[in-house]
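Hi,

Here is the structure I promised to pass on. Have a look at it first, and then read on for what I found.

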Amino acid sequence: MSAAPHPTADSAVPGTQDLAARFTREFGAAPAGVWQAPGRVNLIGEHTDYNEGFVLPFAIDRTARVAVGIRQDSTVRLLSTYGDQGMVSASLDALEPGSAKGWTKYPLGVMWALRERGIDVPGIDLLLDSDVPLGAGLSSSHAIECAVVTALNELTGAGLAAQDMVLATQRAENDFVGAPTGIMDQSASLRGAKGHAVFLDCRDQNATLVPFETEPAGLVLLVIDTKVSHSHADGGYASRRASCELGAEVMGVKALRDVQVGDLEEASGLLDEVTFRRVRHVVTENDRVLQTVERLAAEGPAAIGTLLDASHASMRDDFEISCPELDLAVDTARANGAIGARMTGGGFGGAAIALTPVASEAKVRAAVVRAFAEAGYAAPDIFTVSPAAGAMRVA
Ligand code: GLA
């Protein structure tokens, strides 16, 4: 995903004061402030966002933090606590797609996208730290982008609403980084709230906070990072998106959001076999998001396990974006007590989630570690997450 080594689940995030102090040492003046933005886990609703459908992600308690100082010229100096690039310098006027490397694509892409919107972005010094695992499907790149857009929105006085910041970071991803992704990840990072998932209608960006807490239900949500790295700038994501667009075109609708489960029989007669399965995933997944929201409200998290399972099967068999490591994580978690499990994020690697009774947590963890060792896979990183606050200023 980037040239930077993975910050591991165990790597300590220096406190805000430490980051500000380090900024002062590196750049010779105190920062104007420190902002943070979280990664996300998608509870359900995969590859539905760019089909103008529904998603249900939440912000996690893993964040990217940026200490930022304004400069008097149009130079940008970027440094991270974990990158291997050292200090990177760029000129605002020379920013264009393809001009940046590694993690610096994300802050520079946001600066470029804000300038494309006509916002007068100053030169800055920036120090990044993050404990969102890279390439794990937890939106480490969006966490960086959302921290930066939140900082610059405030520092420039641009006054962008969350929806506009979502679109600015999407522009950065699509046109500067070159990943044709949707709006889910940055919406979770910018609009998330503690104890809640974000039920987002990706057609109009209407967001509803849905209470989602595992602890009162005696559950934990385990993230199993398979360590299989992925990049949405590679071809798999774009080819799935192209299939969805083809499906919508043949079905004569604006987006697959407009196709219902009851239309699938007709779709099977109109579409080639592969496109039909891609469409069936999106259409049934949208339906599963709506059912998940209903069940959470009526019965709580213990009632959504079968929907998570069905989501995974659909991504494995119809959308074909899982991989052996993700399937093994999901199957092993389920066989050892998880009440529902699925891969999360764009696919082709990254992480699975397993909704697990507290009493089975140790067994699931041990079984997954053992199964990966027996299969000859790299050791997975397993940790719990809970819904946390969205992007904010912390100093
Ligand atoms: C990635 C993208 C999102 C979304 C998911 C799949 O995370 O960034 O926009 O498409 O994949 O649900």
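I'll start with a loop: Q205 sits between β6 (196-201) and β7 (206-211). Keep in mind that this is a predicted model. Q205 is not a glycine, yet its phi is positive, about 65 degrees. Buried or exposed? Q205 is buried, with a relative accessible area of 9%.

E320 is another non-glycine with a positive phi, in this case about 55 degrees. You'll find E320 in the loop between α9 and α10. With a relative accessible area of 35%, E320 counts as partly exposed.

A third loop residue to click on is A136, between β5 (124-130) and α3 (140-156). A136 is buried, at a relative accessible area of 1%. Leaving aside residues up to four places away in sequence, A136 touches D225, H230, G350 and A351. Its C-alpha is also 9.6 Å from that of G347, although 211 residues separate A136 and G347 in sequence.

On the record side, the unreviewed UniProt entry annotates residues 106-192 as "domain: GHMP kinase N-terminal". In the model, that stretch is 60% helix and 8% strand, and its end C-alpha atoms lie 20 Å apart.

Now for two helices. First, α6 (residues 235-251): how far should its 17 residues span? At 1.5 Å a residue the expected span is 24 Å, and the end C-alpha atoms are indeed 24 Å apart, so the two agree. The buried residues in α6 are Y237, R240, R241, S243, C244, G247, A248 and M251. Looking down the axis of α6, these buried residues stay within an arc of 155 degrees, so they line one face of the helix. Their cover includes α7 (264-270), α8 (273-299) and α9 (305-319). Just after α6 comes G252, with a positive phi near 70 degrees.

Then there is α11 (residues 361-375). Its 15 residues should span 21 Å at 1.5 Å a residue, and the end C-alpha atoms are 21 Å apart, which agrees. Buried here are E361, V364, A367, V368, A371 and F372. Seen down the axis of α11, they fall within an arc of 135 degrees, so they too line one face of the helix. What do the buried residues of α11 pack against? Their partners are β8 (219-225), α10, β10 (351-357) and β11 (381-385). Turned away from the buried side of α11 is a face with the exposed residues A362, K363, A373 and E374. G376 follows α11, and its phi is positive, near 80 degrees.

That brings me to α10 (residues 324-335), where E325 is located. Which residues does E325 touch, not counting those up to four places away in sequence? The contacts are T226, V228, F372 and Y377; F372 is one of the buried residues of α11 listed above. E325 is buried but has no salt bridge. The nearest side chain of opposite charge is K227, which is 13 Å away.

If you open just one spot, I'd pick E325, a buried residue without a salt bridge. After that, Q205 and its positive phi would be my next stop.

Cheers

How values were computed:
Residues numbered from 1 in each chain as written. Heavy atoms only, no water. UniProt positions renumbered as here; feature names shortened; annotations may be inferred. Helix = DSSP H or I, 4+ residues; strand = E, 2+ residues; numbered from the N terminus. Buried < 20%, exposed > 50% of the residue type's maximum accessible area, 1.4 Å probe, protein only. Lys, Arg positive; Asp, Glu negative; His and termini not counted. Salt bridge = Lys/Arg side-chain N within 4 Å of Asp/Glu carboxyl O. Contact = heavy atoms within 4.5 Å. Expected span 1.5 Å × (residues − 1). Arc of directions from axis to C-beta.
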